[in-house]
Amino acid sequence: MTEYKSSLLRLLDERGYIHQVTDADALDALADKQIVPGYIGFDPTAPSLHVGGMVQIMLLRRLQQAGHKPIVLMGGGTGKIGDPSFKDEARSLLDEERIKANVASIRTIFERFLTFGDGPTDAVMVDNADWLDALEYIPFLREVGRHFSVNRMLSFDSVKTRLDREQSLSFLEFNYMILQAYDFRELAKRMGCVLQLGGSDQWGNIVNGIELARRMDGTEVYGVTTPLLATADGTKMGKTVAGAVWLNEDMLPNYDFWQYWRNCDDRDVGRFLRLFTDVPLEEIAELEALEGAAINDAKIRLANEVTSLVRGPEAAQAAEATARETFAGGGLGADLPTLDLPAGGISVMAALTELGFTKSNGEAKRKVAEGAVKLDDAAMTDPAAMIAPDAGTTAKLSLGKKKHAILKG
């Protein structure tokens, strides 16, 4: 680890957030003597962010914990275009009404991580539509566009990836990096923002913003990127068989969210505790040193800490109680995911797919053939068998040892 003077860079370094820093010595000196306003941009493409974006949210939390000012930039303007970085295809374009609804929904999550207000280190949320919507095309080309080299823009990995795969990259998307650079310059002018943070896939966009601020205004600003996060088995963070692990409870039940962390790979426990919780480093070192079955205690601690932060302590307590009752007591925890059955019931394979336990009926058939599916703890052998509890009664459907659901008649 690098020896930093500022509490900000020491905190980020100790907890594993730092991948690259532009002019680390200058940023370290600045953060050691004054409040540093820093921002991260989030495109409101859905009503919720998912676990894959949690590192960035935690970065802003760390910024505030170290005595600096977090700026949450919502991409109400750039969200109308979509970031092409390492995407296989263009995102569908959203209308303004949907974007505003998504921004309002996403804000509720940030309010759990950050303290908002008018103080010098209080977080603020701004929308780049405030300045991007007012831009006029010709003046923008003359004043901003002339500072960008197309040759250099084509060299960025985020663009090269699409072009090398011969996947279409629209002119609309190509403009995204210019607009993101302009965001940094605008935030520097409007709010004295001197730091942009983001994942390592944003390095080129961040550097563009730094250079634009210097060329147009003579302003020195800085960037910090985090390593791109994957689980120990190489899976993209926040993705499961059932889909994205959403942060908002109306898009993913509390129990499923808790289980995502409880079921993490043994090798990820320490890293996830450092990145996604406020547990002290000394305590994390003890937890990740646990071996054998004892590592499950560390996983439960991880699940409880993250769920408490994202969903609230009550949600964490209820999820843990449900898991304890389901796994240890053999009962039906009230917080398990539920499926209301149609009249006449549902087939085993259809229930597994409907619950998101399997991606398809074909996969469900394979799981049944492997003996991994149980109904009320009895092994199922026929994937087409109908499940039809009497009205007002329930049954427990299980896939393996970790996935359980309540079926309601």
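**Exercise 1: Met 349**

Find out which residues Met 349 touches once you ignore everything up to four places away in sequence.

Solution. Step one is the neighbour list: Asn 361, Ala 364, Lys 365 and Pro 383, where a contact means heavy atoms within 4.5 Å. Before going on, note that this is a predicted model, in which local features need pLDDT of at least 70, side-chain atom pairs count only at pLDDT 80 or more, and totals for chains, interfaces and linings use all residues. Residues are numbered from 1 along each chain as its sequence is written, and side-chain values use heavy atoms, with hydrogens and water left out.

Step two places the residue: Met 349 sits in helix α17, residues 348–354. (Helices are DSSP runs of H or I with at least four residues, strands are E runs of at least two, and both are numbered from the N terminus.) Step three is burial. Met 349 has 17% relative accessibility, so it counts as buried; the cut-offs are under 20% relative accessible area for buried, over 50% for exposed, and partly exposed in between, using a 1.4 Å probe and protein chains only. Step four looks along the chain: Met 386 is 37 residues away from Met 349 in sequence, with 9.2 Å between the two C-alpha atoms.

**Exercise 2: the whole chain**

Work out how many helices and strands the chain has, and what share of its residues is buried.

Solution. Counting the elements gives 18 helices and 15 strands. Next, burial: of the 409 residues, 51% are buried. Finally, take the contacts with a separation of 6 or more; 72% of these are between residues 24 or more positions apart.

**Exercise 3: the six-stranded sheet**

Give the strand order of the open sheet of six strands, and say which strands stand at its edges.

Solution. Reading across, the order is β1-β6-β5-β2-β3-β4, and the pairing is mixed. Strands pair if DSSP finds at least two bridges between them. The edges are β1 (20–21) and β4 (124–127); each has a single partner strand, so one side of each lacks a neighbour in the sheet.

Now walk through some pairs. β3 (residues 69–74) runs parallel to β4, and four bridges join them. One bridge to look up there: Val 72 is partnered by Met 125 in β4. Helix α3 (residues 54–65) packs on this sheet and touches β2 (37–42), β3, β5 (195–199) and β6 (222–226). The direction of α3 makes about 165° with that of β2.

Moving one strand over, β2 and β3 also pair in the parallel sense, with six bridges. Pro 37 has Lys 69 as its bridge partner in β3. Last check: five of the six residues of β2 are buried, so the rest of the structure largely encloses this strand.

**Exercise 4: two helix pairs**

Find the packing angle and axis distance for α1 with α3, then for α14 with α15.

Solution. Two numbers do the job here: the angle between the axes and the distance between them. Axes are lines fitted to C-alpha atoms, for helices over the stretch in contact, and angles run from 0 to 180 degrees between N-to-C directions.

For α1 (residues 7–14) and α3, the angle is about 140° and the axes are 9 Å apart. That makes α1 oblique to α3; under 35 degrees would be roughly parallel, over 145 roughly antiparallel, 65 to 115 roughly perpendicular, and the rest is oblique. In the interface, Leu 8, Leu 11 and Leu 12 of α1 meet Leu 59, Arg 62, Leu 63 and Gln 65 of α3.

For α14 (residues 281–288) and α15 (residues 295–311), you get about 140° again, with the axes 8 Å apart. So α14 is oblique to α15. Glu 283, Leu 287 and Glu 288 from α14 make the contact with Ile 295, Ala 298 and Arg 301 from α15.

**Exercise 5: three single residues**

Decide whether Thr 307, Ile 406 and Asp 23 are buried, partly exposed or exposed.

Solution. Thr 307 lies in helix α15 and is buried, at 0% relative accessibility. Neighbours within four places aside, Thr 307 contacts Phe 257, Trp 258, Gly 312, Ala 315 and Ala 316.

Ile 406 belongs to strand β15, residues 403–408, and is buried at 7% relative accessibility. Its C-alpha lies 10.0 Å from that of Leu 375, 31 residues away in sequence.

Asp 23 is in the loop between β1 and α2 (24–33), and its 46% relative accessibility makes it partly exposed. One more thing to check is phi: for Asp 23 the value is near 50°, which is positive in a residue other than glycine. Most residues other than glycine have a negative phi.
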